[in-house]
Amino acid sequence: MKRTLKSIFSSVLLLVAMQTMAQKTEWRGINVGADLSRFVVPFIDSTRYGWEISADYELLKDMLVVAEIGSQTTKFQSEKYKYNASGAYTRLGVDYNYMKHLDPESTDKLLIGLRYAFTTYFHEADEINISDSYWGDFGNGSVPRKWLGANWLEIATGMRAQIINNFYLSWSVRFKINIWQQADDQMQPFHVPGYGRAWNNSSVGFNYTLSYKIPIIKKKSVPEQ
């Protein structure tokens with residue numbers, strides 16, 4: 001009887017060990033990333049440059065809370081004036097991973113989310129030159145620096161995939177809807193940091209992010225693919 005119980009116990013231990021070897025551990029943690037597309041923007045549009053970082057955490061299963069912060073500077077000189085603007089922006093929201101509805105065994109994420117975003121920035125202009133045949137020419141004018149604000153909503157969708165242990169690449173497309181923009185009576189803002197052209201009621205953005213997950217809580221293991 002003892003020999004039989006010992007054999008059963010040994011078999012159970014062997015099965016548990018084999019099951020453990022056939023599984024990989026997933027962790028719940030803070031995912032911290034940098035938007036690589038910001039480094040490409042100056043090569044496409046030489047008037048703009050900036051940076052953006054993000055962090056998210058899976059607070060509930062397949063539901064992530066997200067925070068994104070960034071900065072953008074716009075500088076250019078035309079025939080009529082020289083323009084300068086700079087400021088920081090913040091986005092706060094949630095993402096939902098709906099990959100399980102398409103492929104329950106995949107560790108990649110298909111995300112759809114919502115953001116509330118806001119910014120505080122300044123703009124200014126100098127070397128203003130205006131030619132007018134009736135009123136006459138006006139030169140060397142300026143618009144003093146003024147601080148402005150804006151906020152908007154974003155609907156985001158994209159994908160995240162693991163490239164090596166705890167490192168991920170992800171992309172997302174954002175549809176942005178203007179809520180409010182502070183006006184300047186002397187000069188209309190040219191580009192709102194994080195949003196886009198100031199005169200558009202909506203705009204589209206793109207992010208391509210490299211991130212690292214800081215492991216915090218071990219999740220239930222899933223079978224190796």
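This text describes the internal cavities and the aromatic contacts of a predicted model.

The structure contains 3 cavities of 30 Å³ or more. The largest cavity encloses about 270 Å³ of space. Its lining is made up of 24 residues, and those nearest the centre are Glu-68, Arg-115, Arg-160, Ser-170 and Arg-174. Several strands supply at least two residues each to this lining, among them E2 (27-35), E4 (63-77), E6 (109-130) and E8 (167-181). Strand E7 contributes the most, with 5 residues. By class, the lining of the largest cavity comprises 6 nonpolar, 10 polar and 8 charged residues.

The second largest cavity holds about 70 Å³ of space. Residues that line this cavity include Trp-27, Arg-28, Asp-56, Glu-58, Lys-109, Arg-160 and Lys-213. Arg-160 is also one of the residues nearest the centre of the largest cavity. Strand E2 provides the largest share of the second lining, 4 residues, and E2 and E3 each supply at least two. In this lining, 6 residues are charged, 4 nonpolar and 2 polar.

Attention now turns to the aromatic residues. Across the whole structure there are 10 aromatic pairs. In one of them, the ring centres of Phe-190 and Trp-199 lie 5.5 Å apart and the planes meet at 70°; because planes over 60 degrees apart count as edge-to-face, this pair is edge-to-face. Both residues belong to a cluster in which ring pairs link Phe-76, Tyr-81, Tyr-83, Phe-190 and Trp-199. Within that cluster, Trp-199 is partly exposed, with a relative accessible area of 44%. A further aromatic contact involves a charge: the charged end of Arg-145 sits over the ring of Phe-122, 3.8 Å from the ring centre.

Methods. Residues are numbered from 1 along each chain as its sequence is written. This is a predicted model: local features need pLDDT of at least 70, side-chain atom pairs count only at pLDDT 80 or more; totals for chains, interfaces and linings use all residues. Side-chain values use heavy atoms; hydrogens and water are left out. Rings of Phe, Tyr and Trp (its six-membered ring) pair if their centres lie within 6.5 Å; planes under 30 degrees apart count as stacked, over 60 as edge-to-face and the rest as tilted. Buried means under 20% relative accessible area, exposed over 50%, partly exposed in between (1.4 Å probe, protein chains only). A charge sits over a ring if NZ of Lys or CZ of Arg is within 6 Å of the ring centre and within 35 degrees of the ring normal. On a 1 Å grid over the protein atoms alone, a cavity is a set of points where a 1.4 Å probe fits but cannot get out, and a pocket is an open set with protein on both sides within 12 Å along at least five of seven lines; lining residues have an atom within 4 Å of a point. Grid points are joined across faces, edges and corners, and a volume is the space filled by probe spheres set on the points. Ala, Val, Leu, Ile, Met, Phe, Trp, Tyr, Cys and Pro count as nonpolar, Asp, Glu, Lys and Arg as charged, and the others, Gly among them, as polar.
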